[in-house]
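Hi,

Here is the structure I said I would pass on. Have a look at it first, and then read my notes underneath.

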Amino acid sequence: MALVPSSPRDKYPPLPDDKFPWKEPPAVVVTPCIPTPCGPWGAPYFLDEGLRKVTPYHFTYNTFCKQRWRGREILDIFASEFRDRPTEYYEKAIVEGRVVLNGKPVPSTKTIVNNGDVISHTLHRHEPPCTATPIGIVHEDDDMIVIDKPAGMPVHPAGRYNFNSIIEIMRADRGNGWNPLPCNRLDRLTSGIMFIGKHKVAAEALGAQIRGRTVKKEYITRVVGEFPEGEIVCEKPILQISPKLGLNRVRADGKESRTVFKRLAYYPPKHDAPAQDEQTNDVSPDDQPWKKLRGYSIVRCFPVTGRTHQLRVHLQYLGHPISNDPIYANQRVFGPSLGRGHSDSENDEDILSRLERMGKEEVADAVAYHDEMVDAYNKKKAERMTGELCSICDTPLYSDPGVHELGIYLHARRYRCEEGKWDYQTALPAWALPPPGYEGPTESTEESDPLAVDLEKLGLGSETQKQEQTAASTAT
């Protein structure tokens with residue numbers, strides 16, 4: 001089914017400053033309604049240079065104690081789990097009463113958080129911009145909307161994002177009384193097929209299909225180098241290394257993970273590119289970009305399990321990371337090898353330290369940011385700390401991200417029901433099409449299902465598959 005783009009109904013004008021009433025945080029742990037032209041819960045969007053922006057506002061987070069927080073000091077939780085503000089800010093917020101526990105002031109920064117506790121944090125919220133690209137509509141009926149999610153847009157309000165999320169953008173677009181119900185999830189940086197239930201019954205029905213392993217998925221990605229031909233199976237276990245920094249790695253003690261990959265196309269480097277070491281693929285920083293030295297491949301991905309960052313981690317381990325991945329294709333973090341074949345924790349502390357600096361002292365610079373389409377202007381126009389502080393809350397301010405930072409070359413292209421009842425897909429994204437001067441495929445070809453072939457190779461019958469597979473609902 002061809003992609004039908006949604007109408008551009010989201011060009012919201014900026015709101016004047018006097019429409020944002022608070023100069024001090026509210027005294028209660030409930031966020032007051034924001035009086036905007038969109039209604040009490042409408043989002044105050046405005047569009048600027050390809051970005052959707054939201055004027056800063058006060059907001060109260062209410063969060064139940066997570067399992068990994070139990071028995072830990074409250075300041076330690078904030079300092080280790082949340083990256084956007086320094087430890088000194090959280091310490092001051094606790095002391096001054098902007099952080100409360102179960103609705104009451106916190107006696108000390110060393111107060112222990114226990115199971116069942118609710119932490120409330122009222123702050124002046126500075127949402128990062130997201131892409132201004134409209135949400136595409138692939139299919140819509142009385143029960144479901146199948147969307148083509150733009151890269152650079154989170155699905156749910158979380159972390160630094162609230163109004164700049166799929167849920168809130170669709171709610172503002174279609175009316176505040178409507179409650180969109182996502183049936184699957186994609187990472188913020190990933191684009192592609194998502195299902196939005198119009199009512200609870202429809203959302204639960206599709207959710208049951210996904211949990212029942214009857215929905216098959218195909219992702220398209222663009223990776224560094226010449227990916228091998230044939231069906232490549234990676235079944236390395238994946239472990240979360242840092243929830244704060246969003247880092248996951250291949251580890252023997254991680255969760256079982258399986259992905260099938262199949263190359264769609266390879267585009268070699270230009271003939272005038274400098275030579276490289278054939279054994280290590282190492283290059284000098286003074287040479288031309290690594291992408292040009294090795295070329296790049298368009299790869300089809302079929303996730304069997306659904307671990308966080310599964311495709312990104314498996315591709316890095318295979319030595320072919322997604323070529324503009326700011327984490328897993330970052331030479332400043334992983335070195336020239338980009339973490340190929342790494343499965344031990346020996347260098348984790350150094351990797352985390354280098355990753356921590358990305359977006360603060362340094363730009364999160366992936367290999368493919370040296371692409372010929374991304375020039376010095378875009379590299380300078382990148383999200384990082386400006387050294388300035390908010391006049392209301394003293395929060396360190398970030399610059400706007402460049403458009404090239406709002407997504408990675410990973411697209412959920414096709415979702416289909418195993419029983420043949422429905423099949424939704426999009427066209428190949430522009431970055432997966434043949435570059436100028438090259439011939440190559442402009443769409444994925446129908447063929448025997450690599451996922452089914454893979455399961456046979458692994459010795460997994462349908463019953464074993466249902467018992468052992470994890471639902472692939474968060475495969476990116």
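Below is what I found, going from the whole chain down to single elements.

First, keep in mind that this is a predicted model. The chain has 476 residues, and 52% of them count as buried. Its secondary structure comes to 11 helices and 23 strands. If you take the contacts between residues at least 6 apart in sequence, 70% of them join residues at least 24 apart. As for the surface, the chain exposes about 21,900 Å², with carbon and sulfur atoms supplying 51% of that.

Now the first two helices. Helix 1 covers residues 74-81 and helix 2 covers residues 87-95; they pack at an angle of about 145°, and their axes are 9 Å apart. Their crossing is right-handed. On the helix 1 side, the residues that meet helix 2 are Ile74, Leu75, Phe78 and Ala79, and on the helix 2 side they are Thr87, Tyr90, Glu91 and Ile94. By type, the residues of this contact split into six nonpolar, one polar and one charged.

Helix 2 also has a sheet to deal with. It lies across strand 5 and strand 8 (118-125), and it runs at about 115° to strand 8. Both strands belong to an open, antiparallel sheet of four strands, in the order 3-8-5-6. Strand 3 (57-64) and strand 6 (104-105) are the edge strands there, each pairing on one side only. Strand 5 is made of residues 99-101, and two antiparallel bridges pair it with strand 6. If you want a spot to click on, Leu101 stands opposite Lys104 in strand 6.

There is another open sheet, with three strands in the order 1-2-9 and antiparallel pairing. Strand 1 (45-48) and strand 9 (130-131) each have a single partner strand, so one side of each is left without a neighbour in the sheet. Strand 2, residues 51-54, is joined to strand 9 by two antiparallel bridges. Leu51 has Thr131 in strand 9 as its bridge partner.

Those three strands come up again with helix 3. This helix takes in residues 166-174, and seven of its nine residues are buried. The buried ones are Ile166, Ile167, Glu168, Ile169, Met170, Arg171 and Ala172, so you will find charged side chains in that list as well as nonpolar ones. What covers them includes strand 1, strand 2 and strand 9, along with strand 11 (144-149), strand 12 (181-182) and strand 13 (191-197). Just after the helix, Gly175 takes a positive phi of about 120°.

Last, have a look at strand 18. It spans residues 259-267 and is mostly covered, with eight of its nine residues buried. Which strands does strand 18 pair with in the antiparallel sense? One is strand 15 (residues 231-234), over four bridges; here Glu231 has Lys262 of strand 18 as its bridge partner. Another is strand 19 (residues 296-303), which runs antiparallel to strand 18 and is joined to it by eight bridges. In that pairing, Val260 stands opposite Phe302 in strand 19.

That covers my notes, so over to you.

Cheers

Notes. Residues are numbered from 1 along each chain as its sequence is written. This is a predicted model: local features need pLDDT of at least 70, side-chain atom pairs count only at pLDDT 80 or more; totals for chains, interfaces and linings use all residues. Side-chain values use heavy atoms; hydrogens and water are left out. Buried means under 20% relative accessible area, exposed over 50%, partly exposed in between (1.4 Å probe, protein chains only). Contact means heavy atoms within 4.5 Å. Accessible areas come from the Shrake-Rupley method with a 1.4 Å probe; for residues, only the protein chains shown count as cover. Axes are lines fitted to C-alpha atoms, for helices over the stretch in contact, and angles run from 0 to 180 degrees between N-to-C directions. A crossing is left-handed if the near helix is turned anticlockwise from the far one by less than a right angle, and right-handed if clockwise. Two strands pair if DSSP finds at least two bridges between them.
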